[in-house]
Structures are given as C-alpha cells and as structure tokens.
Amino acid sequence: MKILSIQSSVAYGHVGNSAAAFPLQRLGHEVWPVVTVHFSNHTGYGAWRGPLLAPADVAEVIAGIGDRGVLGTADAVLSGYQGDPAMGAVILDAVDKVKAANPDAVYCCDPVMGDAGRGMFVRPGIPEYLRDTVVPRADIITPNHFELDFLAGRATNSLPELLDAVDVVRETGPRHVLVTSVLHGDVPVGSLEVVAVSDEGAWAVTTPLLPISPNGGGDVTAALYLAHLWTTGSPATALERTIASVFAVLEATLAAGTREIQLIAAQDAIAAPPARFAARRLR
C-alpha cells in the first residue's frame, strides 16, 4: 500500500506523522510523509520550538510529488490534526488529485478536535469546518466518542444511541467509521470500547481501561485501521488487529513510565498483532 500522509511532525516523541509513519512502514507499506509543522516535541508539554509550515509550502511539497508522476499510484490519503481551514483546503485538494488519478484511492481522516473531560482544544471554527467540509469528503473517519457526538449533533449515552449517531454521520459521506474511547452505560467499569461501522455491519471490541492517556495514540490508531482495512477488506479484522497493536503500545508505555508512546519497544505487536481481543458483532 502507498499512503500520502499529511500531518504534523515532531523530532522528539511520536505524534502526527511521527506516530503514523513507522507503524505503517513496519507493516510493509510505503509512506509519503508530508509535514504541516515540524516541532521539537508535541504541544502537550506546554512548550515547544520549530516552524508551522504555511499551507502554500505544504501544497508545494505535494505538487512536487505530483511532478514525479506518482500521485496516481497512491492508495490512500491520511490526515490528522487540521489547525486551519487553509491547511484543510490543501489536504482536500491533494485528495482530489489522488482520486482523479486513482478512483480506487481512499481518504482516511482523523477529525481531531477535542476529547471527553477536555472539551474542544482546537481553534474556534475548526470543529464546524471538519464537520461540514472535511468529514463529508472522507471515506474513513476515526473520531473518538466525544468527537462523534459533535459530528452527529447529539449526546450518546448508550450503545444504540451511539450507533444511531454513527448512522447520522455516515449519511453525510464516510462509509467507514471507527469510534475510539467509547464509554456508555453498558461498558463494564474499568473498560472501554472501540466500535467499527461500515455498510457490512457494526462491531465492537472491549478492552481494559489503562490508567494512561498519552499523545499520539489516536494517530497510530487511524493509521493502523486504514492499513488493516485496506489489506483485509474486513472492518472486524481491522478492528481486532488495530486494537491489539495499540493496546500493546499503551501497555509498553505504561510499563516504561514515560509520556511518549513506546512504538519502537512494541513494534513486534504492530508487525504481527496478537490475537487478543475478539470483535463482537453488533448488527
């Protein structure tokens, strides 16, 4: 698989492309990382250095890839945090170019905007831009539970409510929806769920809730789900493999006592996801 991944980059640690590229490469896929920022470290530290690239500069990089005549060989475009509508327009233009050259290519969007307990942490207007302009253009989206509720315009407190919200969002465009960090009334205490929905049905995986919430986990999840969905064609299998790998990364991170996800230490579980969590069919 060849993936044009347009995301942030950090020198120290793993978020954005610095979280997505290695797992994809470890699975044997070709990644073309286009960076939107290049920071010393992720912003969760409260201080960082490095440049925020102008949308025109990012567009130039993508145009240069196009000059090589290879955009049509890309199987997917992957994007994460979009801090500015102008950058979002560059990403959507790249999606258009790739799909024009390869109609079978897909766009996977992680609509980063907020989280439960934190609320929205992006600039005003970005959530609405993602909901109204970006998400309808995507084939695959990977929101967390909080973001799904915003996209659907409703609060969900049960599994049926969550599935109804997913259906509302799918009607706007994306056929595949992976909802992470799902907590509802039926989830056992000390656990959380991840739910995958497509035209073929809906599935859930339940895992222990680890006492850790590092940056970059969502970036890894989106990348792995895209890869496994593309290679297997099965949302249930992609869900099982993605969560097995991500859980192993989080376990290694917790054991290491670090705030940076342990992608390198857990790479064997990325390359060969253990058969650890079984997906149960919801419908």
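**View 1. Leucine 282 and the residues around it.** Leaving aside residues up to four places away in sequence, leucine 282 touches Leu159, Leu163, Val195, Ala202, Trp203 and Ala204 (contact means heavy atoms within 4.5 Å). This is a predicted model, where local features need pLDDT of at least 70, side-chain atom pairs count only at pLDDT 80 or more, and totals for chains, interfaces and linings use all residues. Residues are numbered from 1 along each chain as its sequence is written, and side-chain values use heavy atoms, with hydrogens and water left out. Leucine 282 sits in the segment after strand 11 (280-281); strands are DSSP runs of E, at least two residues, and helices are runs of H or I, at least four, numbered from the N terminus.

**View 2. The open sheet.** Here you can follow nine strands in the order 2-1-3-4-7-8-9-10-11, with mixed pairing (two strands pair if DSSP finds at least two bridges between them). Strand 2 (30-39) and strand 11 stand at the edges with a single partner strand each, so one side of each has no neighbour in the sheet.

**View 3. Strands 8 and 9.** Strand 8 (residues 176-182) and strand 9 (residues 191-198) pair in the antiparallel sense over four bridges. Look for leucine 178, which stands opposite alanine 196 in strand 9.

**View 4. Two helices on the strands.** Helix 2 (residues 55-67) lies across strand 1 (2-10) and strand 2, at about 160 degrees to strand 2. Helix 6 (residues 159-170) lies across strands including strand 8 and strand 9, at about 35 degrees to strand 9. Axes are lines fitted to C-alpha atoms, for helices over the stretch in contact, and angles run from 0 to 180 degrees between N-to-C directions.
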